[in-house]
Amino acid sequence: AIQNRGGVTGLLIYPRRALERDQLQSLLQLVDVINEELQANGKSIITVGIDDGDTPREGQVNDGDSFRKLKCVRCGGELIIKRQGALVVCQKCQKEYQYIMSTKDRIWREKPTILVTNIWTVYRRLLSRRGISMFYNMDFVVVDEAHVYSHFLGGHVNHILRMLRFVSGLHGSVPTFVFSSATIPNPREFISNLSGVSEDELFYIDFQETLERARGKKLNRILL
């Protein structure tokens, strides 16, 4: 799906920066393995970016700055940013992470395959002539911890999600929206109100029920 595609195809939205960081660490474990296979077969790799208030501009990067205090998937060493090219490398084993876009400038310019962010950054990018183009070719939009967007805040998020659907639709993209939460008592009604989509159009999956029906060893769930 990512071959010869331009722009973000997977948008992962989290409510807190700390959660963005934790999920990105888990995501790197998967992306690194997948990219090795893609490169071995001469295919385009998956690129990843994280865009929020802590993401620096290229001119703000100092040689050796920590990259979100994330750890190397090979040796567990700390990931740092080299000033030249804003390349992410492991401080310990020097493994290079060419597929990580560490600055706002590179994210806006090259547009990663997967973008990790929060709802407020999405809103700012939608209002920016430079940033809005990231959302033209999306396949998936994942909204994690959806239960936090309730009441007055939920009204704001509803507006932002409608904007996302409108912008992507103008360019022929019809992304699948995935909402995840462990604490919604009436999930269909809640997500319908949050997303602006009728309950009839929603597909609901209870993870616990699905896990209980699964055969064999119960592995950890992985959300992409």
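These legends walk you through several close-up views of a predicted model.

**View 1. The largest nonpolar core and the elements that build it.** Start in the interior, where the largest nonpolar core has 28 residues. Those with the most contacts inside this core are Leu11, Ile13, Val122, Leu126, Phe135, Leu164 and Leu194. Six elements are worth finding on the structure: β1 (10-13), α2 (104-110), α3 (119-126), β9 (140-143), α4 (151-170) and α5 (187-195) each give two or more residues to this core. Helix α4 supplies the largest share, six residues. Apart from this core lies another one, of 27 residues, and Leu24, Val31, Phe67 and Ile114 are among its members.

**View 2. Helix α4 packing with helix α5.** Here the two helices pack at an angle of about 65°, and their axes are 7 Å apart. How are α4 and α5 oriented to each other? An angle from 65 to 115 degrees counts as roughly perpendicular, so α4 and α5 are described as roughly perpendicular to each other. On the α4 side, look for Gly154, Val157, Asn158, Leu161, Arg162 and Arg165, which make the contact with Asn193, Leu194 and Ser195 of α5. Sorted by class, this contact has three nonpolar, four polar and two charged residues.

**View 3. Leu194 and the buried residues of α5.** Now zoom in on α5, whose buried residues are Pro187, Phe190, Ile191, Ser192, Leu194 and Ser195. These buried residues pack against α4 and β10. Which residues does Leu194 touch, not counting residues up to four places away in sequence? They are Ala146, Tyr149, Gly154, Val157, Asn158, Leu161 and Phe179. Just after the helix ends, α5 is followed by Gly196, which has a positive phi, near 80°.

**View 4. Ser173, a buried residue in a loop.** You can find Ser173 in the loop between α4 and β10 (176-179). Is Ser173 buried or exposed? Buried means under 20% relative accessible area, and Ser173 has 8%, so it is buried. Its side chain reaches the backbone oxygen of Met138 at 2.5 Å. Leaving aside neighbours within four places in sequence, Ser173 is in contact with Tyr136, Asn137, Met138 and Ser168.

**View 5. Trp120 on helix α3.** This close-up shows Trp120, which is found in helix α3. With 43% relative accessibility, Trp120 counts as partly exposed. Which residues is Trp120 in contact with, once its neighbours within four places in sequence are left aside? The answer is Leu153, His156 and Ile160. Take a moment to compare sequence and space for one of these pairs: Trp120 and His156 are 36 residues apart in sequence and 9.7 Å apart in space, C-alpha to C-alpha.

**View 6. Thr117 in strand β8.** The last view turns to Thr117, a residue of strand β8 (residues 114-117). Thr117 counts as buried, at 2% relative accessibility. Not counting residues up to four places away in sequence, Thr117 touches Leu11, Leu12, Ile13, Tyr14, Glu20, Asp51 and Val122. Three of those names may look familiar: Leu11, Ile13 and Val122 are among the residues with the most contacts inside the largest nonpolar core. How many residues apart in sequence are Thr117 and Tyr14? They are 103 residues apart along the chain, while in space they are 6.3 Å apart, C-alpha to C-alpha.

Terms used:
Residues numbered from 1 in each chain as written. Predicted model: local features only at pLDDT ≥ 70, side-chain atom pairs only at ≥ 80, totals over all residues. Heavy atoms only, no water. Core = buried A, V, L, I, M, F, W, Y, C linked by side-chain atoms within 4.5 Å. Buried < 20%, exposed > 50% of the residue type's maximum accessible area, 1.4 Å probe, protein only. Helix = DSSP H or I, 4+ residues; strand = E, 2+ residues; numbered from the N terminus. Contact = heavy atoms within 4.5 Å. Axes fitted to C-alpha atoms, helices over the stretch in contact; angles between N-to-C directions. Parallel < 35°, antiparallel > 145°, perpendicular 65-115°, else oblique. Nonpolar A, V, L, I, M, F, W, Y, C, P; charged D, E, K, R; others polar. Polar contact = N/O pair within 3.5 Å; in protein donor to acceptor, adjacent residues only side chain to side chain.
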